[in-house]
Structure formats: C-alpha cells, structure tokens
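Welcome! Below are a few short exercises, each followed by a worked solution. Take a look at the structure, then try each task before reading on.

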Amino acid sequence: MKKSISIFFLALLYMLCLCDSSFSQGKLYHVKWVDDGDTIVLSDGRRIRYIGINAPETDHFKNGNKTQRGERFGQHAKKYNEKLVHLKKVRLEFDHEKYDRYGRLLAYVFLKDNSFINEKIVQAGLAYCLSIKPNLHYSSRLLKAQRGAIAQRKNIWKKLENKKGAFVGNQKSMRFHLPSCQFGKKTAQKNRVAFKTVYDAFYMGFAPCMKCRPNP
Ligand SMILES: [Zn+2]
C-alpha cells in the first residue's frame, strides 16, 4: 500500500514538472516595438536581443538629432523584423546567459507556429551569425541559414565586397580581423585560422571584428 502511494506521488510530481516546463516554454509575449533587425521590446517593457545573430545598425537619434548613422540594410532589416513580429505574440527560449552587458534579455524568438525569427532574419540575408560562447544552442542551425543566404547572394551578401587578402580568424572568439588589427596580431598561434576572402570567414561562421571592420 505504502509503495503504491509513493508511486502515485512520484507520478503526480512528474506530471506537475511536465506541466510547469511546457507552460513556461509555451508562454507568449506581445511585441510592442521593433528597434532594428535583432532587437525588440515586449509590452512588459523588456528589451530582447536576438541570440546568435547581428543585423546592420539603423540610424540612432537622441532628442530628434541623429547621433549615429545607420549601416547599409539597417532599415531593411528593421522593416523585415517588423513584418515578422510587430504587434504579434512570441515565445522565448533562453541559453546559458540570460542578459547582455546592456541589460537586454538574450533570447531565441519563435512565433506561435514555431517559425524561428533569429533564423528567418539570417535566411533573408539581413543579419550575419554572431557566435558568442557559451550561448551556442542554435549556432549550427543559424550557420546553415547563413550559408543558404550567402549561396543566393541575398541582401547583405549581394552587396558585400568580396575583398581578397589575408584575414586572421580566431577560433576561440570566432571573430576575424584584418592582418593589421592589433587583436588579429594578438591571436594565439593555436587559435589562428587564415582566410583568403571575407566570404570564406563568414562561411565558416566567423563574425567581423568591430574594431578593424574587415567587411566595410
Ligand atoms: Zn580586428
């Protein structure tokens, strides 16, 4: 008798855990605002930065004055993101780190039909893969999407100058540099990878260094 009671309670506990995890995973949030191609604001005020991707910057304004000029395709990426999620309900998935240094919540964003927004933006050629350890849960899926977009020369890939040269990749940081960059020079021998073109570096999932900007 005692045994059957404990089995009953264990089963109950298991079901409660299942319910709880499916509830938290399935929770939907309303998207109030789209900042750009990789950042949104929920109606509860939280700002979400998409994990694993980087979309071109849009113009930045402060008190009506432009403080930072946007990058090519910045506006295009924002419009596309708006089309996908603005005023819609989304589901969030998290990785190891929950916040970035700006206090933004880091997430993989899905629609109710399970379309994966981070992936869709990369598939459209409106962002490149940005792998930041330890948040790599969907990195191979995102890289696959990027390879498809590169093959079809979509948006940023069509316009990207395919400079030939010697680029220095760092396998640890997953960034690539101009050979003149101090960070490129400092890369330890065991972490170094050489690339002949920027496309080769992107194909392997390396992202450009923000200091030397090997992809103008
Ligand atoms: Zn660099």
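## Exercise 1: A hairpin and its neighbours

In the hairpin of S2 and S3, which has 4 residues between the strands, Gly-45 takes a positive phi near 95°. This is a predicted model, in which local features need pLDDT of at least 70 and side-chain atom pairs count only at pLDDT 80 or more, while totals for chains, interfaces and linings use all residues. Residues are numbered from 1 along each chain as its sequence is written.

Your task: find how S2 and S3 run and which residue stands opposite Ile-48.

Step 1. Strands here are DSSP runs of E with at least two residues, and helices are runs of H or I with at least four, numbered from the N terminus. Two strands pair if DSSP finds at least two bridges between them.

Step 2. S2 (residues 39–42) and S3 run antiparallel, joined by 3 bridges. Opposite Ile-48 in S3 stands Ile-40.

Step 3. On to S8 (residues 105–111): S3 runs parallel to S8, again with 3 bridges. There, Leu-105 is the bridge partner of Ile-48.

## Exercise 2: Two faces of one strand

Which side chains of S3 (residues 47–50) are buried, and which are not?

Step 1. A residue is buried if 20 or more other C-beta atoms, placed from the backbone, lie within 10 Å of its own; it is exposed with 12 or fewer, and partly exposed in between.

Step 2. In a regular strand the side chains alternate between the two faces of the sheet.

Step 3. In S3, Ile-48 and Tyr-50 share one face and are buried, whereas Arg-47 and Arg-49 point to the other and are not.

## Exercise 3: The barrel and its helix

Trace the closed barrel, then find which strands H2 touches.

Step 1. The barrel has 5 strands in the order S1-S2-S3-S8-S7, with mixed pairing.

Step 2. From one strand to the next, the twist averages 60°. Axes are lines fitted to C-alpha atoms, for helices over the stretch in contact, and angles run from 0 to 180 degrees between N-to-C directions.

Step 3. H2 packs on the sheet and touches S1 (28–34), S2, S7 (89–93) and S8, with its direction at about 150° to that of S1. Two residues are in contact if their C-beta atoms lie within 7 Å.

Step 4. Now try Val-85: leaving out residues up to four places away in sequence, Val-85 touches Val-31, Val-34, Ile-40, Val-90, Val-109 and Ile-117.

## Exercise 4: Unusual backbone spots

Where do Phe-73, Arg-153 and Pro-134 lie?

Step 1. Most residues other than glycine have a negative phi, and most peptide bonds are trans.

Step 2. Phe-73, not a glycine, has a positive phi of about 75°. Phe-73 sits in the loop between S6 (65–68) and H2 (74–85), and counts as buried because 22 C-beta neighbours lie inside 10 Å.

Step 3. Arg-153 also has a positive phi, near 50°. Its place is the loop between H4 and H5 (156–159), and Arg-153 is partly exposed, with 13 other C-beta atoms within 10 Å.

Step 4. Lys-133 and Pro-134 are joined by a cis peptide bond with omega about 5°. Pro-134 belongs to the loop between S9 (128–129) and H4 (139–151).
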